[in-house]
Amino acid sequence: MRSHFRRFMGIGLPLFFACLVMTFSSTSFAEFALPEMDPKGYPAPNTGCLAPGKCHSGIEPIRAHNSEMAKQIYATGSKLGDPNGCVVCHGGDPTEEKDAKKAHTGAPDGSPLNTFVLHSASVWVNQKICGQCHEKWTYAQYRSIMQTEAGKIQGALWGWGAAATGYAKKYGNYDVDDPDGPVPVFGTNEYKDYTTALMKSYPENFPSKLEQVPKTDVEQLEENPQTAIYTYIRTDCQRCHVGVKGRNRRGDFRGMGCAACHIPYNNAGLYEGGDQTVKRDQSGHSMVHSIQSSRKTKVVVNNNVYSGIPHETCVSCHNRGKRIGVSFQGLMEFPYGSPFNPKGKEQPKLHTKFYQFIKDDVHHQLKSREGNPEGGLLCQDCHTTTSAHGNGNITGTLLANVEIECSDCHGTVTQYPWELPLGWGDEFGRDLANEKPRAVSNTLLENQEKFGTKYPAKDGYLLTARGNPFGNVVREGEKVVVHSASGLDFEVPTLKSIQLNNKWQNKNAAIAAKIQTPEHLQKIECYGCHSAWAPQCYGCHVKVDFSGDKQATDWVAAGNTHFPDGHTAESIRDGKPPVAPGVAYGKTSENRSYLRWENPVLGINGEGRVGPIIPGCQQITTVISPDGKTLVHNKIWRTLANTEGGGSAGQRGIDMAPAAPHTIDRQARECTSCHATAKALGYGTHDGRYLRQYSKGIYVDIMNEKGQLVTKTAQFQISPVPDLPMDLDQVVSREGEQMQTVGHHWPLDGPLTKEMRDHMERVGVCLSCHKEIPSGRLVYRVISKVGDYLGMIPKTDPEHQKLIGRAMFIAANVEIFGGLVAAIVVFILIIYYIRRRV
């Protein structure tokens, strides 16, 4: 009670009076609540860069004036002749107040810059700017997967048979190495030991250097058509790395480098701040000139205040591939654009696609401790600072970076999070039975301590599966509390507490939590059962067309062609089009076979656990030469020989990728959706009976009784895909033949083993009875208890068969003779009753 009162006095009462003043005053919320963000609060307003007229008067501060960051910027700026600190990040001449061109030239003496910089957070200049305080972070970012995209490149090459590098990560967007060696620049000693051990076990996923992905040699294209993949990668796949600004389309606007995450952009890419020099109808600008970061860092826009990094910032990139960003929001692309808006038009495209709403992740819709029904968790609340920024090493897959598991916060039904060993859920095939509990930490990492929002440790900060402290997740007795960067606090339901208090919402939840089937705990990802759905985009039909001098933006060349002001070659600079190095010959287009969202296929991920697998990139390729000749038509390439169960010919390079869909629901999948469903087991929908004619192609025209075409005008309605004898959701055949690849990064990736598939189907039959036995309705619980007491519970298959046979015999006799016996008994009772009356 006291804690609730203190919370009200500390939070509720001030908010109440704030609202009261808002009601009776013309003062805006931004001015009232956050005077430290008022543009009038600069040390020297209306001077230098902030002079009225042609200059940036009215621009919002990059951070609150009273923040430690702003104070350091103002102090450094004063030494450079600019008390407002603009030159610290941008250079230029702060004494020039009339001529913008002169003001945007050079840099003050003593500045690490030698010219004016527009994109001050760009990868190509941020070491001199952001790196003044965040040197390790700029080092790590340049080597992070968000910059190199090494895993995406290897995955695309894998599907074209072009790389001949197999599982190795050879290429990135840039030539890059790691001169400081394999030990991460961030993390606890436990984390560093864990990571270096992982690197030694899987060196192909932790390369020491990368080469820039090659360009397609058009002169050699006819001889090596598979090298068209390089144009596909460069012009279509690589626009999301932080070395470039990305595509100027609704939902895709963002900054470069640090600004890709830390500067807010709305979907329209339009400015909504106070700087009068920025055109309000010109897209490509940040929403406001302020940093978004942790809870203590406030952003004010249109008199609204928020903190943290919104989902939408992450989704500007994470809307393709595994689509985890839009899936978390409950969205899945579809082709139709319905329903119509009030003007009778289709919905606006987002990320160049239409979307339908399926169901958002439960973490997106949570209620806070205070009962706030809106908000939910932000991506950054779970995904730690180290995995987001990179740890200073070069990595070749997302899984190499992600250090969290569901159990880090929720624990298991028998152990609280702090009772689990490090590595739980992240085993990669290791046995953790003898490992000690991870406990909690009372200290934070350097960046959490120095730059983040510091929350009271209470009974300790929880640790990730790899040993770093969550700076925002704390233990309070037997409770777990997440402090969201948004300003909300959430109490986490721990499975052990739910079990001890018998608070399960439904039976499926208990089964999914591995109570009745404890072996699930050792084998299945939590999201294997709790993912409500998963985006499944089957068949990625790729055409790379070099005919007619077709051109497209080369995102890799653009990033490698950069300028002192932070710009890259794909950018429009001073109204001029992109420069030539940012353009590639050849144009890529994509299409798909079909979309699904319900009940994904199951497979084994890199950690060795069972979870959903979804189409990674099932590339079916067509290449058109510069003279218009079709060099490759609907070709499915093969992987290297003797990989992925493909024998000497290699496996089909269409891939089903292990994924964490980010569509968590409290209600788990029905047991039968896995144990009694051919698709889930990898055999394809209804045992792969559909979509089996693609290898021949489909004609739809006038035919005779023998199915022969009689018209000379016939053309393929559906062109053949020669090496596609099965439905695209089929991973294995009933005979055990693997039909396509499952993952291409980790040795443990793969389809469910035959032993697993057979066992699951056998269990599927059992579920018809065991959904109730032994812990269903009262009668079943009583029978089970009595049977257990009398030693009648079968322990072997023969004993089980004998019991089922006896039960079937009794049931059959009751079914056949029960009605007759009941009728006879009723007849006898009636006669007896009549005689008694007489």
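# A guided tour of a predicted model

Start with the whole chain in view: among contacts in the protein with a separation of 6 or more, 65% join residues 24 or more positions apart. Keep in mind along the way that this model is predicted. Colour it by secondary structure and you will find 27 helices and 24 strands. Now switch on the surface. The accessible area comes to about 41,400 Å², and carbon and sulfur atoms hold 57% of it. Of the 838 residues, 49% are buried.

**Stop 1: the largest nonpolar core**

Hide the surface and select Leu 602, Leu 724, Val 731 and Leu 752. In the largest nonpolar core, which has 27 residues, these four touch the most other members. Next, highlight β16 (601-604), β17 (610-617) and α24 (678-681), the elements that give two or more residues to this core. In soluble globular proteins, nonpolar side chains tend to be buried together.

Zoom in on Leu 752. Which residues is Leu 752 in contact with, leaving aside its neighbours within four places in sequence? Select Leu 602, Gly 603, Ile 604 and Val 610, then add Ala 680, Leu 681, Arg 757 and Met 760, and you have the list.

For a second, separate core, move to Leu 157, Tyr 171, Leu 221 and Tyr 232, which are among its 22 residues.

**Stop 2: a helix and its cover**

Select helix α6, residues 135-143. Which of its residues are buried? They are Trp 137, Thr 138, Tyr 139, Ala 140, Gln 141 and Arg 143. Now bring in the parts that cover these buried residues: α7 (145-148), β2 (176-177), α15 (385-389) and α17 (446-450) are among them. Keep α17 in mind, as it returns at the last stop.

**Stop 3: spaces inside**

How many cavities of 30 Å³ or more does the structure hold? There are three. The largest has a volume of about 130 Å³. To find it, select Ser 407, Trp 424, Ile 524, Cys 526 and Arg 609, which are the closest to its centre of the 14 residues that line it. Colour the lining of this largest cavity by class and you will see six nonpolar, four polar and four charged residues.

The second largest cavity holds about 80 Å³ of space. Select Phe 253, Tyr 265, Glu 312, Thr 313 and Ser 316: of the 13 residues lining this second cavity, these lie nearest its centre. Its lining has five nonpolar, five polar and three charged residues.

**Stop 4: three loops with a twist in the backbone**

Show the backbone atoms and go to the loop between β6 (331-334) and β7 (354-357), where Pro 339 sits. Is the peptide bond from Ser 338 to Pro 339 cis or trans? It is cis, with omega near -5°.

Next, select Asn 302, in the loop between β4 (298-301) and β5 (304-307). Its phi is near 50°, a positive value in a residue other than glycine. Asn 302 counts as partly exposed, because its relative accessibility is 48%, and "exposed" calls for over 50%.

Finish at Lys 458, in the loop between α17 and β8 (461-463). Here too, phi is positive in a residue other than glycine, with a value near 50°. Is Lys 458 buried or exposed? With a relative accessible area of 53%, Lys 458 is exposed.

Key. Residues are numbered from 1 along each chain as its sequence is written. This is a predicted model: local features need pLDDT of at least 70, side-chain atom pairs count only at pLDDT 80 or more; totals for chains, interfaces and linings use all residues. Side-chain values use heavy atoms; hydrogens and water are left out. Helices (H or I, at least four residues) and strands (E, at least two) are DSSP runs, numbered from the N terminus. Buried means under 20% relative accessible area, exposed over 50%, partly exposed in between (1.4 Å probe, protein chains only). Contact means heavy atoms within 4.5 Å. Accessible areas come from the Shrake-Rupley method with a 1.4 Å probe; for residues, only the protein chains shown count as cover. On a 1 Å grid over the protein atoms alone, a cavity is a set of points where a 1.4 Å probe fits but cannot get out, and a pocket is an open set with protein on both sides within 12 Å along at least five of seven lines; lining residues have an atom within 4 Å of a point. Grid points are joined across faces, edges and corners, and a volume is the space filled by probe spheres set on the points. Ala, Val, Leu, Ile, Met, Phe, Trp, Tyr, Cys and Pro count as nonpolar, Asp, Glu, Lys and Arg as charged, and the others, Gly among them, as polar. A nonpolar core is a set of buried Ala, Val, Leu, Ile, Met, Phe, Trp, Tyr and Cys residues joined through side-chain atoms within 4.5 Å.
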